[in-house]
Amino acid sequence: MMSFGQCPSNQGAGMGKVPKKPKQTKKSIRTTHSAKSLRLQRGSLPHSIVEVIGTLQKAGFDAYVVGGGVRDSLLGLAPKDFDAVTDARPHEIKAIFGGRCRIIGRRFQLAHVYSGREMIEVATFRAPPKDDTHTTDDGMITRDNVWGDIEQDFARRDFSINALYYQPIKAEVLDFCGALKDIKSRTLRLLGDARVRIEEDPVRLLRALRFKAKLDFDFDDSLAEQFNQENWALLEQVSAHRLYDETQKMFSGGYLTPLLPLLFDYGAMPSLMNYAPNEPTPLMMAVAQNTDRRIAADKSVNPAFFYAAMLWENYLYQLAKYKKRGLPFHEAQIKAAEKTIDAQRIKTAIPKFAEQFIADIWLLQPKLVNPRVRDIANLERLPKFRAAFDFLVLREGYDTHLLSEPTQNMGVWWQAYQDASAVDKAMMIEAFGTQAGTPKRRRDRNTKKDTKARELEQLKELSLRSDDELIKTRPEPLFVVAGAEDLTKKTKARAKLPKPSMPTPVFEPVNFTEADFEKLLANDEPYIPASRHRKRKPSSTLSIKEREQGVSEDQAAPQALKPARRRTRKTKAAVTENTPADHADKSASKTDAGSSETKPKRTRSRKSNAKPKEDSI
């Protein structure tokens, strides 16, 4: 496809793509307007954008405020952010701002400059692509990092209303394409050939719908013709991550209520979700209105909440399928949520935390409609309770799908429960339990206690009774055996056998005299602690039997000293005797030559197990 500012390339026989030569475009008419005449004041701009523009200008580069910030300021709207454009290359911007700058992007290389807590996006002037190297067969540009001047840069911008360049320090506005005229007539117009510009970037279709809903502008004829099925099919080539970022801008811009019908009317929804309905459901419109109200009140919103409403019917269809297969309800819920989110991930790459947020809202709906009495207090403490409660309230008034279960007006009850005090909450929970119906039959715990009491009474009676007494209370038998009563009667009538008498042992008393104690004190063997037992020398090497036989230590010594068999090493002389002569000569020469170098072998000393002696004072 031919891009803006290019002519068709000539292709030779048997050759590939030939680089296109840029077409000689007409010289643009540059119009300079005074910022004061357009009611633009430098003081209304944030300090961050003025500081970035001033720093680039001091470094010798041209820099301007461009894009939606200038457009919204001329329309009297509050700009969401301000972007800058300069003739400095990304690496030059990095050199100027240093650590405050971060270069991002592959397709569109940009510089993020941080000024305080604010971030300013700084782009370099771009020119039309020189060839088809980074262009798909359908004409979509996959990389746009061809640098140019300001006149080439305005031609690369998508809509005319975004091609105004504001220099706050010089207090002037540059217009190259009649952008001010389009703003006054409230017209959305693509620069160049509308068909080619859509082929270069199909996301411009979504941007056009977003600007129409936000600014209430009308499409010009050439742009209105581009909303067809062929161009919507080009969105399949756009990455799912970029489409998700675009939906983030659409859902959290504060104009979702007028935008949602446009997405259905112009055929954009099948490119953003699977099994899209023909028109927005009442639940979608209610969520859109609630989201816009929160943004207008300067409250936080989560775009994933609208995804939960947008995919609600798809989730109900999947849940009905899994319930028909006979799965348990909670398991069917989990599988239905996973199936729905997996199918949506192909269209828009929803982050993991947003997927979990959506699934939690769906899974909490039955628990809020039919809560267990014991779980009511815990449900209120869940992190996703507030989002699930808001979804329940919106369902009560706007969910008309046939597969959706009734909410039983529980949204009103939960609202009253949140507004109540701690005492009132306890009373509401108790009242809710009685209204829910009679509780399930449970085992009587008092019966178990009575059984234990009877068993303890029987054990006490058995332990205190005498042999002749009868048991007053008997435990009930578990099984009834035939003839058990006759057997118990026979055991009672049986004669008692006499108990054998055991003689009691008698010990003779032993009296110790003072001589016995003196003998103990005169003992020549001192007490030796167990820790030093190994160092003790025995008083006698004789056993008790040898002592009784009258054997002396001199007689027992020759028997104890027996020659120990030790393996002695053969001397070198003995070795040489047993070896041949030539081998002995060689070994002898070696020993003589290395006698001077030989070192004495180290002998390993064994460590003693005894404790070291304490130093005497």
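User: Where in this predicted model is aspartate 298 found?
Analyst: The model is predicted. Helix H12 spans 282-296, and the next helix named here is H13. Aspartate 298 is found in the loop between H12 and H13.

User: Is aspartate 298 buried or exposed?
Analyst: The relative accessible area of aspartate 298 is 74%. The cut-off for an exposed residue is over 50%. Aspartate 298 therefore counts as exposed.

User: What is the phi of aspartate 298, which is not a glycine?
Analyst: Most residues other than glycine have a negative phi. Aspartate 298 is not a glycine, yet its phi is positive, at about 60°.

User: Where does aspartate 216 lie, and what is its phi?
Analyst: Aspartate 216 is placed in the loop between H7 and strand S10 (218-219). With a relative accessible area of 59%, aspartate 216 is exposed. Although aspartate 216 is not a glycine, its phi is positive, at about 60°.

User: How are H7 and H11 oriented to each other?
Analyst: The axes of helix H7 (residues 203-215) and helix H11 (residues 256-265) come within 9 Å and cross at roughly 140°. An angle over 145 degrees would count as roughly antiparallel, and 65 to 115 as roughly perpendicular. The angle falls in neither range, so H7 and H11 are oblique to each other.

User: Which residues make the contact of H7 with H11, and how many of each class are there?
Analyst: The crossing of H7 and H11 is right-handed. On H7 the contact is made by Leu206, Leu209, Arg210, Lys212 and Ala213, and on H11 by Pro258, Leu259, Leu262 and Leu263. By class, the contact of H7 with H11 has seven nonpolar, no polar and two charged residues.

User: How are H12 and H18 oriented to each other?
Analyst: H12 and helix H18 (residues 385-398) pack with their axes 9 Å apart, at an angle of about 130°. This angle is outside the 65 to 115 range for roughly perpendicular and is not over 145, the cut-off for roughly antiparallel. H12 and H18 are therefore oblique to each other.

User: Which residues make the contact of H12 with H18, and how many of each class are there?
Analyst: H12 passes H18 in a right-handed crossing. Pro282, Leu283, Ala286 and Val287 of H12 make the contact with Phe391, Leu394, Arg395 and Tyr398 of H18. By class, the contact of H12 with H18 has seven nonpolar, no polar and one charged residues.

User: What is the separation of the C-alpha atoms of tyrosine 307 and valine 287?
Analyst: Tyrosine 307 is found in helix H13 (residues 303-310), while Val287 is one of the H12 residues in the contact with H18. Tyrosine 307 and valine 287 are 20 residues apart along the chain. Their C-alpha atoms are separated by 9.9 Å.

User: Is tyrosine 307 buried or exposed, and which residues is it in contact with beyond its neighbours within four places in sequence?
Analyst: Tyrosine 307 has a relative accessible area of 1%, which means that it is buried. Leaving aside neighbours within four places in sequence, tyrosine 307 is in contact with Tyr244, Thr247, Phe251, Gln344, Thr348, Ile350 and Ile358.

User: Which residues does threonine 247 touch, not counting residues up to four places away in sequence?
Analyst: Threonine 247 lies in helix H10. At 1% relative accessibility, threonine 247 counts as buried. Not counting residues up to four places away in sequence, threonine 247 touches Leu272, Tyr307 and Thr348.

User: What separates the C-alpha atoms of alanine 240 and lysine 347?
Analyst: Alanine 240 lies in helix H10 (residues 240-251) and counts as buried at 18% relative accessibility. Not counting residues up to four places away in sequence, alanine 240 touches Arg345, Ile346, Lys347, Thr348 and Ala349. Alanine 240 and lysine 347 are 107 residues apart along the chain, and their C-alpha atoms are separated by 5.7 Å.

User: Where does UniProt place the feature "active site"?
Analyst: Aspartate 81 lies in the loop between helix H2 (68-75) and strand S3 (83-86), and aspartate 83 lies in strand S3. Aspartate 81 is partly exposed at 46% relative accessibility, and aspartate 83 is partly exposed at 25%. The unreviewed UniProt entry places the feature "active site" at Asp81, Asp83 and Asp158.

Technical notes
Residues are numbered from 1 along each chain as its sequence is written. This is a predicted model: local features need pLDDT of at least 70, side-chain atom pairs count only at pLDDT 80 or more; totals for chains, interfaces and linings use all residues. Side-chain values use heavy atoms; hydrogens and water are left out. Helices (H or I, at least four residues) and strands (E, at least two) are DSSP runs, numbered from the N terminus. Buried means under 20% relative accessible area, exposed over 50%, partly exposed in between (1.4 Å probe, protein chains only). Contact means heavy atoms within 4.5 Å. UniProt positions are given in the numbering used here, feature names are shortened, and annotations may be inferred rather than shown by experiment. Axes are lines fitted to C-alpha atoms, for helices over the stretch in contact, and angles run from 0 to 180 degrees between N-to-C directions. Angles under 35 degrees count as roughly parallel, over 145 as roughly antiparallel, 65 to 115 as roughly perpendicular and the rest as oblique. A crossing is left-handed if the near helix is turned anticlockwise from the far one by less than a right angle, and right-handed if clockwise. Ala, Val, Leu, Ile, Met, Phe, Trp, Tyr, Cys and Pro count as nonpolar, Asp, Glu, Lys and Arg as charged, and the others, Gly among them, as polar.
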